[in-house]
Amino acid sequence: MIRFAAASKSYRVEGALVPALEPVDLTIERGEVFGIIGHSGAGKSTMLRLINLLEQPTAGQVFIEDRDVTHAEGADLRRLRAGIGMIFQHFNLLSSRTVADNVAFPLRLHGGMSDAEIAARVDELLSLVGLTAHARKFPAQLSGGQKQRVGIARALASKPSILLCDEATSALDPQTTASVLELLADINRRLNLTVVLITHEMDVIRRVCDRVAVLDAGRVVEVGDVADVFLHPQHPTTRRFVAEADHREGRSPEFPGVDGRLFRLSFRGDATYSPLLSRVVRDTGIEYNLLSGRVDRIKDTPYGQLTLAMNGERLEDALAQIRAAGVDIEEVAR
Ligand code: ADP
Ligand code: MG
């Protein structure tokens, strides 16, 4: 759906070119929810601006549906942009217009629809985001979550095939964040919309994304399925994001005074709820001490990650049995 081919971006600052994005090669598939995570200044918004064609890459190309759009202009550029919806951290609503008028705005701007057609489309969109009862209110009368729902309805007005979300939940409390992310996941499924979502929170990625790219100082340092990246982060920046999401500190804990070797077990899917550990313990007579753990979901897949201290004569045997059940084991240095 979207492809970066060695696309890079430098900005001209006081006469000098300052790189914001090193050459990126990346493909975003149709219908997926693709996350881009990075700290402030990493180049996330720059990547989105290359997709929505607000900026042209300094070098390289950007393809949308196999078409090189790098140098699109005029009516062509306007048509391409109409196929891409966008939502923002601060919603960017028109404060003097009602909810319904905010959603109708891009339709009126684009032209070609009668008032009755626009009204029908607005009704449909407000119902999709659950705001039918609020159509006549003004933005100031809405909660943050409701404002973002208006933003989503407005972004979907022109029936885009791509929805870009720039820190769309960063101004919302955790519970509202969860409900907006649920709405995005629902829209992605129902409309087969390709969603590109940028955030600085791994928890946002975990809840809705299928794949993720990690941006660090203008460079894509890691790309993969969210479950792989979340359970086995490779790059130090990714590890820090995952640790934050787990409310852990970045460095591994040492557990002084605990006997045995330390292992991190990662369960995924059905294995998460099977009584594997107790079976292996019974069978091999090893001992274990549970040091930390979490059982949760990555999008729709249950997972568990436990850190255990283990010892016993048949430890290797126990590890082999656990591995054979499809559980990943990493030894944690201590
Ligand atoms: P993020 O969205 O990850 O916070 P941005 O893509 O906004 O990062 O910015 C990446 C880098 O590019 C930053 O160093 C930022 O200061 C710089 N930058 C972004 N936009 C411009 C611009 N229009 N002119 C000059 N520098 C910019
Ligand atoms: Mg940004």
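Colleague: Let's start with ligand 1: how far is one of its oxygen atoms from a polar backbone atom of glycine 41?
Modeller: Keep in mind that this is a predicted model. A pair of N or O atoms counts as a polar contact within 3.5 Å. For the backbone of glycine 41 and an oxygen atom of ligand 1, the distance is 2.6 Å.

Colleague: Which residue offers a polar side-chain atom to a nitrogen atom of ligand 1?
Modeller: Glycine 43 isn't the one, as a polar backbone atom of glycine 43 is what sits 3.0 Å from an oxygen atom of the ligand. The side-chain atom you're after lies 3.4 Å from a nitrogen atom of ligand 1, and it belongs to arginine 49.

Colleague: How much of the accessible area of ligand 1 does the protein cover?
Modeller: Taken on its own, ligand 1 has 560 Å² of accessible area. The residues around the ligand include Tyr11, His39, Lys44 and Thr46. The share covered by the protein is 59%.

Colleague: Which element gives the largest share of the shell around ligand 1?
Modeller: Two elements, β1 (2-13) and α1 (44-51), each supply at least two residues of that shell. The largest share is 4 residues, and it comes from α1.

Colleague: And by class, how many residues of the shell around ligand 1 are charged?
Modeller: Go through the classes one by one. The shell has 4 nonpolar residues and 6 polar ones. Lys44 and Arg49 are both among the residues surrounding the ligand, and the charged count is 2.

Colleague: Now the sheets: which strands stand at the edges of the sheet with the order β2-β1-β4-β5?
Modeller: This is an open sheet of 4 strands with antiparallel pairing. An edge strand has a single partner, so one side of it is left without a neighbour in the sheet. That picks out β2 (16-28) and β5 (67-68).

Colleague: Which residue in β5 does phenylalanine 63 stand opposite?
Modeller: Look at β4 (residues 59-64), which pairs with β5 in the antiparallel sense over 2 bridges. Opposite phenylalanine 63, in β5, you'll find aspartate 68.

Colleague: There's another open sheet, so what is its strand order?
Modeller: It has 4 strands, and the pairing is antiparallel. Its edge strands are β12 (287-298) and β14 (328-332), each pairing on one side only. From one strand to the next, the twist averages 20°. Reading across, the order is β12-β13-β11-β14.

Colleague: How many bridges join β11 to β13?
Modeller: On one side, β11 (residues 261-268) pairs with β14 over 5 bridges, with leucine 265 opposite isoleucine 329. Towards β13, serine 266 stands opposite glutamine 305. β11 and β13 run antiparallel, and the number of bridges between them is 8.

Colleague: Last one: which residues form the aromatic pair, and how far apart are they along the chain?
Modeller: A search of the whole structure finds 1 aromatic pair. The partners are phenylalanine 230 and tyrosine 303, set edge-to-face at 5.7 Å centre to centre, with 75° between the planes. The pair links helix α8 (residues 226-231) to strand β13 (residues 301-311), distant parts of the chain. So we have phenylalanine 230 and tyrosine 303, and their separation along the chain is 73 residues.

Technical notes. Residues are numbered from 1 along each chain as its sequence is written. Chains are lettered from A and ligands numbered from 1 in the order in which they are written. This is a predicted model: local features need pLDDT of at least 70, side-chain atom pairs count only at pLDDT 80 or more; totals for chains, interfaces and linings use all residues. Side-chain values use heavy atoms; hydrogens and water are left out. Two strands pair if DSSP finds at least two bridges between them. Axes are lines fitted to C-alpha atoms, for helices over the stretch in contact, and angles run from 0 to 180 degrees between N-to-C directions. A residue is near a molecule or strand if one of its heavy atoms lies within 4 Å of it. A polar contact is a pair of N or O atoms within 3.5 Å; within protein, one must be able to donate a hydrogen and the other to accept it, and residues adjacent in sequence count only if both atoms are side-chain atoms. Accessible areas come from the Shrake-Rupley method with a 1.4 Å probe; for residues, only the protein chains shown count as cover. Ala, Val, Leu, Ile, Met, Phe, Trp, Tyr, Cys and Pro count as nonpolar, Asp, Glu, Lys and Arg as charged, and the others, Gly among them, as polar. Rings of Phe, Tyr and Trp (its six-membered ring) pair if their centres lie within 6.5 Å; planes under 30 degrees apart count as stacked, over 60 as edge-to-face and the rest as tilted.
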